[in-house]
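Welcome! Please take a moment to look over the sequence and the 3D view before reading on.

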Amino acid sequence: MTTTLITGANKSLGKETARILVEAGHTVWIGSRDEARGRAAADDLGARFVQLDVTDDASVAAAFATIAESGTGLDVLVNNAGIAKRVPGNPMEEALDGPSVLEVFDTNAVGIVRVTQAALPLLQESANPVIVNVSSALGSFWATHEPSRPASHFVSIAYGSSKAAVSMLTVQYAMAYPDIKVNAVEPGITATELGGGSVKDHPGRPAAESAAVVARLAMIGADGPTGTFQEDLGELGW
Ligand SMILES: NC(=O)c1ccc[n+]([C@@H]2O[C@H](COP(=O)([O-])OP(=O)(O)OC[C@H]3O[C@@H](n4cnc5c(N)ncnc54)[C@H](OP(=O)(O)O)[C@@H]3O)[C@@H](O)[C@H]2O)c1
């Protein structure tokens, strides 16, 4: 039996990834900072709920204590929780004041370190430990320099650079823990509430479609890749 924890799994990409993995037979922990939303998603999917705010050390410690005590173990960690911040009242403009940018980095980059460090003891007991970091092409130096890619036409100063940090975290954790497969994934432009917009006005594809690429990386076998950045069609340039 494979056990998977997904952060920010109460909705959107995280929830749809959970749905695929539950259907594939994983025991899935829905990490959610909000108890009511997390429990509702877990009940809907036949998953387990654990309160987990990736910006809160005490919440992270308590979440892993809960998982350890449950006896499920942990084989797969999907670091999915992420935010983008817009100027209030102006959904087209990224918030670039210090506190907003700190919050973006704290959630998207530092959150991965917080959760991964806490997960390592359990992952190291797994026969096939896997970490998937949900990143973005907006954090790819290659995609932001490639004219054919949407990322080269979309300015994203705080969010994009926080996702560039996710790239290096992926490379560094893959180097530090050769027995764990650590990969980053670009899920594709997806209609979600990221940045505070509404799903119905979003030009992206459905979350269920993008979740398939996240789930593919979460389900890699012992001979799977590590230290790579992946998207629909295979590897993405860093
Ligand atoms: N949508 C896209 O086009 C796209 C493209 C590339 C990459 N991504 C990445 O995909 C991931 C999922 O985003 P999404 O598009 O599904 O956005 P979303 O609809 O806004 O969902 C984000 C999830 O992260 C959770 N979250 C935010 N801050 C958190 C915290 N401090 N602790 C725990 N959970 C937290 C949210 O919980 P609440 O419900 O409590 O807010 C929510 O469950 C993110 O890493 C994002 O950067 C998205």
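The report below walks through the sheet, the helices and the surroundings of the ligand.

## The sheet

Keep in mind as you explore that this is a predicted model. A good place to start is the open sheet, which is formed by eight strands. Their order is E3-E2-E1-E4-E7-E8-E9-E10, and the pairing is mixed. Strand E3 (48–51) and strand E10 (234–235) are the edge strands, each of them pairing on one side only.

You can follow one of the pairings in more detail. Strand E2 (residues 27–32) pairs with E3 in the parallel sense, over four bridges. Within E3, Phe49 is the bridge partner of Ile30.

## A helix across the sheet

Helix H5 (residues 157–176) is a handy link between the sheet and the helices. H5 lies across three strands: strand E7 (130–134), strand E8 (181–185) and strand E9 (229–231). Relative to E8, H5 runs at about 165 degrees.

## How the helices pack

Two packed helices are described by the angle between their axes and the distance between the axes. Let us meet three such pairs in turn.

Take helix H3 (residues 57–70) and helix H4 (residues 98–123), which pack at an angle of about 20 degrees with their axes 10 Å apart. Because angles under 35 degrees count as roughly parallel, H3 is roughly parallel to H4. H3 passes H4 in a right-handed crossing. On the H3 side the contact is made by Asp57, Val60, Ala61, Phe64, Ile67 and Ala68, and on the H4 side by Arg114, Val115, Ala118, Ala119 and Leu122. Sorted by class, the contact of H3 with H4 has nine nonpolar and two charged residues, with no polar ones.

## Two more helix pairs

H4 also packs with H5, at an angle of about 15 degrees and with their axes 8 Å apart. H4 and H5 are therefore roughly parallel to each other, and H4 passes H5 in a right-handed crossing. H4 brings residues including Val101, Val104, Phe105 and Asn108 to the contact, while those from H5 include Ala158, Tyr159, Ser162 and Lys163. By class, the contact of H4 with H5 has twelve nonpolar, three polar and one charged residues.

How are H1 and helix H6 (residues 207–218) angled, and how far apart are their axes? The angle is about 60 degrees, and the axes of H1 and H6 are 8 Å apart. H1 and H6 are therefore oblique to each other, and their crossing is right-handed. From H1, Ser12, Leu13, Glu16, Thr17, Ile20 and Leu21 meet residues of H6, among them Ala207, Ala208, Ser210 and Ala211. The contact of H1 with H6 divides into ten nonpolar, three polar and one charged residues.

## Around the ligand

Which residues come closest to the ligand? They are Gly8, Ser12, Ala81, Gly82 and Thr192, and 29 residues surround the ligand altogether. Ser12 is a residue to revisit here, since you have already met it in H1, where it is one of those that meet H6.

Helix H1 (residues 12–23) gives the largest share of the shell around the ligand, with three residues. By class, the shell around the ligand holds nine nonpolar, 13 polar and seven charged residues.

Terms used: Residues are numbered from 1 along each chain as its sequence is written. This is a predicted model: local features need pLDDT of at least 70, side-chain atom pairs count only at pLDDT 80 or more; totals for chains, interfaces and linings use all residues. A residue is near a molecule or strand if its C-beta atom, placed from the backbone, lies within 6 Å of it. Helices (H or I, at least four residues) and strands (E, at least two) are DSSP runs, numbered from the N terminus. Ala, Val, Leu, Ile, Met, Phe, Trp, Tyr, Cys and Pro count as nonpolar, Asp, Glu, Lys and Arg as charged, and the others, Gly among them, as polar. Two strands pair if DSSP finds at least two bridges between them. Two residues are in contact if their C-beta atoms, placed from the backbone, lie within 7 Å. Axes are lines fitted to C-alpha atoms, for helices over the stretch in contact, and angles run from 0 to 180 degrees between N-to-C directions. Angles under 35 degrees count as roughly parallel, over 145 as roughly antiparallel, 65 to 115 as roughly perpendicular and the rest as oblique. A crossing is left-handed if the near helix is turned anticlockwise from the far one by less than a right angle, and right-handed if clockwise.
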